[in-house]
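Okay, thanks everyone for squeezing in. I've got one structure to walk you through, so let me put it on the screen.

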Amino acid sequence: MAYIRTIEPGEAEGPVREMYEGVRARFGFVPNWAQAFSLRPAVLDGWTGLLKSIASNLPARTYELATLAAARALRSSYCSLAHGSVLADQVFDASTVTAIMKDGGPLEPRERALMAFAEKLAVSADRITEADVEALRQHGYRDEEIFDVAAAAAARCFFSKLLDALGVEADSTFNDLDPALRRALTVGRPVADVPTARLPDV
């Protein structure tokens, strides 16, 4: 599940147990990414707070598209699958997100520009120029929104790179996705083939 030692759900106590209970309440199981944070649960608290502050400034569609673009550029299957699934469930549908991953699908020109900016930031932020920012302005994005998109893409770099550096695979629950969508979203490491972890009751 990871290259480092992690705390098994059945052995979790104190803050780790609280963290596991929180994610179980949301997902119904303990995701692999949560177990990767088991040695430093306070870091996950900090990450969660940062993410909430960034996401609160953007419409869900914009946030998810920027995050998906960054995850794809980073070759993070875990984050691509997670956020692509959100888009398929809450904004579009499976076939539309599959098309977005292939050629942009039915996205508006301004959304294509947003994703291109997020991708460039994730791969080579030092190559972003004032012209790249001005292009977003020409599509109607305010400077505050450009900051928010940049923050979303930059934050994704932390989470995606951390999980991949530790060898964390996307949860096997992603195998239940529409096959075409799953293939399109699997841009790096394969999906795990082991059952998801369960948190035993006290």
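I'll go through helix packing, one buried residue and some salt bridges.

Before anything else, remember that this is a predicted model.

Let's start with helix α4, which covers residues 60–73, and its partner α7, which runs over residues 109–124. How do these two sit against each other? The axes of α4 and α7 come within 8 Å and cross at roughly 40°. With that angle, α4 and α7 count as oblique to each other, and their crossing is right-handed.

So who's touching whom? On the α4 side you've got R61, T62, L65, A66, A69, A70, R72 and A73. They meet E111, L114, M115, A118, E119, A122 and V123 from α7. If you sort the residues of that contact by class, you get 10 nonpolar, one polar and four charged.

Two names from that list deserve another look, namely R72 and E119. Their side chains form a salt bridge, at 2.3 Å from N to O. Because E119 is in α7 and R72 is in α4, this pair ties together parts that are 47 residues apart in sequence. Are these two buried or exposed? Neither, really: E119 is partly exposed at 23% relative accessibility, and R72 is partly exposed too, at 21%.

Now stay on α4, but look at E64, which also belongs to that helix. Here's a glutamate that is buried, because its relative accessible area is 9% and the cut-off for buried is under 20%. What does E64 touch, once you set aside its neighbours within four places in sequence? The answer is H83, V86 and L87. Take V86 as an example: E64 and V86 are 22 residues apart in sequence, and their C-alphas are 7.6 Å apart in space.

That brings us to α5, which spans residues 77–90. Its packing against α6, residues 94–103, has an angle of about 130°, with the axes 8 Å apart. That angle makes α5 oblique to α6, and this crossing is right-handed as well. From α5, the residues S80, G84, L87 and A88 meet A94, V97 and M101 in α6. By class, that contact comes out as five nonpolar, two polar and no charged residues. And notice L87: this residue is on the α5 side of that contact, and it is also one of the residues that E64 touches.

Okay, back to salt bridges. How many are there in the whole structure? The search finds nine, and I'll just pick out two more.

One is D132 with K120, at 2.9 Å from N to O. This pair links distant parts of the chain, with D132 in helix α8, residues 130–138, and K120 in α7, 12 residues apart. K120 counts as partly exposed, at 27% relative accessibility.

The other is D143 with R137, where the side chains meet at 2.8 Å, N to O. D143 is partly exposed, with a relative accessible area of 44%, and R137 is partly exposed with 33%. Which residues join up around this pair? Through salt bridges that share partners, E134, R137 and D143 form one network.

That's my tour, so shout if you want me to rotate anything.

Technical notes. Residues are numbered from 1 along each chain as its sequence is written. This is a predicted model: local features need pLDDT of at least 70, side-chain atom pairs count only at pLDDT 80 or more; totals for chains, interfaces and linings use all residues. Side-chain values use heavy atoms; hydrogens and water are left out. Helices (H or I, at least four residues) and strands (E, at least two) are DSSP runs, numbered from the N terminus. Buried means under 20% relative accessible area, exposed over 50%, partly exposed in between (1.4 Å probe, protein chains only). Contact means heavy atoms within 4.5 Å. Axes are lines fitted to C-alpha atoms, for helices over the stretch in contact, and angles run from 0 to 180 degrees between N-to-C directions. Angles under 35 degrees count as roughly parallel, over 145 as roughly antiparallel, 65 to 115 as roughly perpendicular and the rest as oblique. A crossing is left-handed if the near helix is turned anticlockwise from the far one by less than a right angle, and right-handed if clockwise. Ala, Val, Leu, Ile, Met, Phe, Trp, Tyr, Cys and Pro count as nonpolar, Asp, Glu, Lys and Arg as charged, and the others, Gly among them, as polar. A salt bridge is a side-chain nitrogen of Lys or Arg within 4 Å of a carboxyl oxygen of Asp or Glu.
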